[in-house]
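The following exercises concern the architecture of a two-chain model. Please attempt each task before reading its solution.

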Amino acid sequence: MIKIKWFRGQWLHITFAKIALYAVMLCLVAFTALPLIYLVSTAFKPMDELFVYPPAFFVKHPTTVNFSDLVVSLGSSTVPFLRYAFNSVVVTLTIVFLTVVVSALGAYSLVKFKPPGGNFLFNLILMALMFSPHVTRIPSYLVVNSLGLINTYGALILPNIAVAYNIFLMKQFIEQYPDELLEAARIDGAGEFRIFIQMVMPALKPAWATLVVMSFVSNWNDYFSPLIYVTSQAMKTLPLALQTISGGAAAVSVGRAGATAAATFCMTVPTVIIFTAMQGQVMETMVYSGIKE
Amino acid sequence: MAKKVETPKPAKPSKPAKEKKFKLDLHTKDQLKGLVFVSPFIIGVLMFFIYPITLSLRLSLGEISSIVGMKVKITGFDNYIRAFLVDVNFVPTFLEMIRQTLVKYPLTIVLSLIIAMLINRDIACRGLFRVIFFIPFLLGVGEVMQQLLNQGVDKAVLNVTDGTLIPYNVISYFGTTIMDAVQTILGILVTVLWGSGVQILLFLSGLQSISPALYEAARIDGATEWEIFWKVTVPMISPMLLLNLIYTLVDSFTNITNPMLEYIQSNGFQNGEFEFGAAMGWIYFAFVGLVVAIVFGVMKNYMHTNEVEEVKKHGEHKHRILTIEKKPKRTFD
């Protein structure tokens with residue numbers, strides 16, 4: 001163990017266990033951060049560095065030419081880039097809000113009220129978890145079509161709200177919420193909805209913060225719903241626009257590689273911002289106080 | 001003296017029957033409230049899960065007779081038989097998928113639990129570490145990551161065979177077989193690490209919800225770190241563990257990069273054979289369901305929900321979690 005004099009007369013204790021811990025952490029971080037580094041540096045790579053094989057992780061001569069390429073290539077299309085961004089923002093935010101409300105309410109009542117058929121519904125949720133969405137893609141299209149929602153925001157939003165995984169996640173958290181608190185609130189005369197809004201939701205902040213992050217990311221990156229339910233250019237969202245820029249799923253067109261890298265970079269920024277903003281909440285300790293044995 | 005037997009007071013006159021008809025007992029009332037709360041979810045599930053799933057089941061059992069109204073003529077198990085007996089690629093793709101999962105599944109769970117516990121410790125820059133471990137998930141479940149993998153990033157991360165990391169002499173000493181194996185293992189490790197952002201996050205929130213009092217009590221009782229891990233940490237995060245086990249399983253089975261799904265996708269949808277695609281989807285679903293059911297069945301016995309349930313399940317003295325003895329009521333004298 002080494003002791004180093006720290007500022008303000010404090011001692012900094014360095015043990016070998018600590019050094020080993022940080023070494024392991026740094027190795028893991030180096031591994032995991034690589035895709036991000038690659039993504040950022042690719043966005044700033046000039047043409048000749050983009051096609052080096054094997055791909056280099058660090059850019060040697062950074063330029064912003066990819067971003068101006070992106071603007072130029074999008075300027076020629078009929079729909080401005082901002083329209084895609086706007087669609088993405090509207091759709092994603094609505095889904096996130098609704099899915100948090102619906103799953104939290106549903107999970108809360110499944111756990112605490114035990115409505116008739118609740119067990120069946122829970123088994124159904126488990127089943128839905130395992131079912132690959134790819135198999136039901138065409139039937140889902142038929143449903144959306146018969147509702148007359150094709151080419152509307154509704155088609156992008158509605159099918160993604162009642163997601164089995166979200167309610168499952170909320171349920172796992174709510175199971176740990178003590179019944180005594182609910183009883184106390186009922187005795188004090190609080191209505192059910194008020195209990196939910198003022199007691200359960202604040203206590204479950206880590207749960208729904210997790211849900212917000214996960215559902216934001218997966219819906220922001222959702223490529224399939226706009227692909228299936230939307231045909232008009234004006235309703236498309238960013239992931240689909242990214243495909244259009246890079247020149248289709250099959251062939252990555254050489255000329256657009258730089259613009260694609262820049263667009264990919266732009267697309268990732270909001271998710272990183274959301275997560276950084278929410279991560280303090282996600283990690284917050286659940287509030288169990290209020291019960292004394 | 002004879003005790004005066006108090007005659008019970010006559011019961012209050014019952015309310016008129018008309019009023020009583022609408023009076024539900026507390027239990028039913030609670031259940032109704034529950035139903036109201038859960039109804040938006042039920043509607044969503046009915047519309048976008050139950051109906052499509054039944055249609056897909058009918059598709060798999062028959063053939064489309066008219067594409068306009070999606071009219072299906074039921075013909076029996078032809079499509080299923082075709083998948084197993086006629087189709088050349090179905091069974092090998094299936095086995096390949098199982099092999100991949102067997103390698104990656106335990107690795108993901110163990111690695112993410114270890115990382116979550118490392119980040120949960122009292123270390124500098126915790127927030128930064130959390131963000132970094134979660135970033136691969138943020139980069140996109142599908143599109144962005146797919147592009148990176150297409151460019152061969154996972155192989156370029158740790159290229160042991162090109163002589164930059166390890167000198168050529170060492171490589172030639174070990175021979176190509178061993179070096180290839182090492183390369184493969186490193187490649188798997190990298191992809192596993194990139195795919196475990198959610199798992200780490202879930203484990204972390206589970207770890208955070210454990211009351212420090214439990215650890216304190218265990219330490220005072222003289223438990224070692226190893227015992228604390230198995231007797232406090234693991235039971236307390238068991239709901240999150242189950243969630244993680246299922247999430248990882250389902251995620252690896254329903255990921256777009258899964259070879260089985262790629263096969264169903266290309267065969268069923270791009271070739272326009274919806275019935276065959278649906279049948280393969282159902283076989284696949286049955287398999288995934290079986291695996292998840294096994295995981296669920298095994299884990300159910302080891303789940304710790306809360307104190308009350310635990311006592312109900314195991315009896316007053318048998319439940320595994322450490323309990324803090326109730327203090328005798330303090331008297332103020």
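Conventions come first, followed by four exercises with solutions.

This is a predicted model, in which local features need pLDDT of at least 70 and side-chain atom pairs count only at pLDDT 80 or more, while totals for chains, interfaces and linings use all residues. Residues are numbered from 1 along each chain as its sequence is written, and chains are lettered from A and ligands numbered from 1 in the order in which they are written.

**Exercise 1.** State the secondary structure and the buried share of each chain.

Step 1. Helices (H or I, at least four residues) and strands (E, at least two) are DSSP runs, numbered from the N terminus. Chain A has 14 helices and 2 strands; chain B has 16 helices and 2 strands.

Step 2. A residue is buried if 20 or more other C-beta atoms lie within 10 Å of its own, exposed if 12 or fewer, and partly exposed in between, with C-beta atoms placed from the backbone. Of the 293 residues in chain A, 42% are buried; for the 333 residues of chain B the figure is 29%.

**Exercise 2.** Identify the residues that touch the most other members of the largest nonpolar core.

Step 1. Such a core is a set of buried Ala, Val, Leu, Ile, Met, Phe, Trp, Tyr and Cys residues joined through C-beta atoms within 7 Å.

Step 2. The largest core holds 106 residues, and those touching the most other members are A:Tyr108, A:Leu129, A:Met170, A:Leu204 and B:Phe203. Helix H4 (residues 81–112) of chain A gives the most to this core, 11 residues.

Step 3. A separate second core has 22 residues, among them A:Ala259 and A:Met267.

**Exercise 3.** Describe the surroundings of B:Gln199.

Step 1. B:Gln199 lies in helix H10 (residues 197–208) of chain B. This residue is buried because 26 other C-beta atoms lie within 10 Å.

Step 2. Contact requires C-beta atoms, placed from the backbone, within 7 Å. Leaving aside neighbours within four places in sequence, B:Gln199 contacts B:Thr108, B:Ile109, B:Ser112, B:Asn244, B:Tyr247 and B:Thr248.

Step 3. B:Tyr247 is 48 residues from B:Gln199 in sequence, yet the C-alpha to C-alpha distance is 8.1 Å.

**Exercise 4.** Characterise the contact between the chains.

Step 1. Chain B supplies 80 residues and chain A 75 residues. On the chain B side, helix H2 (residues 26–61) of chain B gives the largest share, 20 residues.

Step 2. Ala, Val, Leu, Ile, Met, Phe, Trp, Tyr, Cys and Pro count as nonpolar, Asp, Glu, Lys and Arg as charged, and the others, Gly among them, as polar. The chain B side divides into 53 nonpolar, 21 polar and 6 charged residues.

Definitions and conventions. Two residues are in contact if their C-beta atoms, placed from the backbone, lie within 7 Å.
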